[in-house]
Structures are given as structure tokens and as C-alpha cells.
Amino acid sequence: QVQLVESGGGSVHPGGSLRISCETSGYRYSSGIVAWFRQSPGKAREGVAASWTGYGVTWDSDSVKGRFTISQDSAKNIVYLQMNNLKPEDTAVYYCAARDPWGGATWYEPQTYPYWGQGTQVTVSS
């Protein structure tokens with residue numbers, strides 16, 4: 001049984017930083033893609049960053065490029081999202097998701113991911 005558990009969300013001021021974590025279990029961590037998505041009220045779920053965990057390949061969206069970094073601890077099967085220089089528009093529920101590498105043509109389509117965590121809230125406000 002695949003389980004993804006996010007942690008580390010919270011509230012910060014603009015310009016602040018947070019690191020959120022996705023702990024995976026029951027999943028072929030070494031060969032899949034783990035991605036971070038976010039969703040705010042009234043908006044579609046948006047791909048933020050992804051990692052092909054077995055090969056060290058990463059992707060991120062233009063909206064977070066240069067500010068967010070995805071990384072992993074392979075020994076613990078944990079994927080992190082380090083978020084720096086946070087902006088109010090980054091406020092959302094952040095979800096991690098997992099799938100096989102060949103499950104879709106792109107990494108940022110949420111419908112191609114069969115496994116999801118419960119989400120963690122990130123709020124950026126002054």
C-alpha cells in the first residue's frame with residue numbers, strides 16, 4: 001500500500017522560507033517520479049516541482065524557478081521542497097504525488113499521478 005505523508009507547512013511572512021517534506025512508503029522510490037503540486041481556492045492544481053528519484057533528474061515550474069528547490073533523502077525515502085523568498089501568491093495547499101516514470105508525457109499533469117498525500121497548508125502573509 002503506497003502512502004505519502006506531507007509535513008512542514010505553516011505560516012510565514014513574505015520573503016521567508018519553509019521546507020516541506022514528503023515521506024513515502026510502500027512505493028518503488030528508486031524508480032519513480034515524486035512531484036509537488038499546489039492548489040489554492042478557485043484555482044486548478046498546479047505542478048510546482050518534480051524529481052525522478054532514481055536518476056537525480058528534477059524539474060520545476062517557471063513560477064518558482066530560482067526560489068524553490070526539490071531534493072531527496074534516498075535513505076529515508078523522503079522528498080523535500082525548500083521554498084525561499086516566499087510570496088503571498090505561493091499560499092496554497094501543497095501536495096506530493098507519485099507515479100511511475102512512464103505514466104505520462106509530462107511531469108506536471110496531476111491526472112497522471114495515482115498516489116497522493118493529504119496535503120499541507122502553506123500561508124504567506126504579512
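This passage describes the strand pairing, the salt bridges and selected residues of a predicted model.

The strands β1, β3, β8 and β7 form, in that order, an open sheet of four strands in which the pairing is antiparallel. The edge positions are taken by β1 and β7, each of which pairs on one side only, and from one strand to the next the twist averages 20 degrees. Strands of a sheet pair through backbone hydrogen bonds, in either a parallel or an antiparallel sense. Strand β1, which spans residues 3-7, is joined to β3, residues 18-25, by five bridges, and the two strands run antiparallel; within this pairing, L4 has T24 of β3 as its bridge partner. On its other flank in the sheet order, β3 pairs with β8 over six bridges, again in the antiparallel sense, and here S21 has Y80 of β8 as its bridge partner. The edge strand β1 presents two faces, of which the covered one carries L4 and E6, whereas Q3, V5 and S7 lie on the uncovered one.

L18 is located in strand β3 and, with a relative accessibility of 15%, counts as buried, because the cut-off for that class is under 20%. Apart from residues up to four places away in sequence, L18 touches G8, G9, G10, V12, L81, Q82, M83, L86 and V122. L4, by contrast, does not appear among these contacts, and the C-alpha atoms of L18 and L4, which are 14 residues apart along the chain, are separated by 19 Å.

Side chains of opposite charge can pair when their charged atoms come close, and a search of the whole structure finds four salt bridges. One of them links E46 to R38, with the closest N and O atoms 2.9 Å apart; the two partners differ in their exposure class, since E46 is partly exposed at 29% relative accessibility while R38 is buried at 7%. In another, K65 is bridged to D60, the closest N and O atoms being 2.5 Å apart, and here both residues fall in the partly exposed class, K65 with a relative accessible area of 48% and D60 with one of 26%.

A further salt bridge is formed where the side chains of R67 and D90 meet, with an N to O distance of 2.7 Å. R67 lies in the loop between β6 (57-60) and β7 (68-73), and D90 in the loop between β8 (78-83) and β9 (92-99), so that the pair ties together parts of the chain that are 23 residues apart in sequence. Both partners count as buried, R67 with a relative accessibility of 9% and D90 with one of 0%. Through salt bridges that share partners, R38, E46, R67 and D90 are joined into one network.

Another contact between polar side chains involves T112, a residue of the loop between β9 and β10 (115-116). The side chain of T112 makes a polar contact of 2.7 Å with the side chain of R99. T112 counts as buried, its relative accessibility being 17%, and when its neighbours within four places in sequence are left aside, T112 is in contact with R99, G103, G104 and T106.

Two loop residues call for comment on account of their backbone geometry. Most residues other than glycine have a negative phi. N77, although it is not a glycine, has a positive phi of about 55 degrees; N77 is placed in the loop between β7 and β8 and is partly exposed, with a relative accessible area of 26%. N85 likewise has a positive phi, near 50 degrees, in a residue other than glycine. The place of N85 is in the loop between β8 and β9, the loop that also holds D90, and N85 is partly exposed, with a relative accessible area of 43%.

How values were computed
Residues are numbered from 1 along each chain as its sequence is written. This is a predicted model: local features need pLDDT of at least 70, side-chain atom pairs count only at pLDDT 80 or more; totals for chains, interfaces and linings use all residues. Side-chain values use heavy atoms; hydrogens and water are left out. Buried means under 20% relative accessible area, exposed over 50%, partly exposed in between (1.4 Å probe, protein chains only). Two strands pair if DSSP finds at least two bridges between them. Axes are lines fitted to C-alpha atoms, for helices over the stretch in contact, and angles run from 0 to 180 degrees between N-to-C directions. A polar contact is a pair of N or O atoms within 3.5 Å; within protein, one must be able to donate a hydrogen and the other to accept it, and residues adjacent in sequence count only if both atoms are side-chain atoms. Contact means heavy atoms within 4.5 Å.
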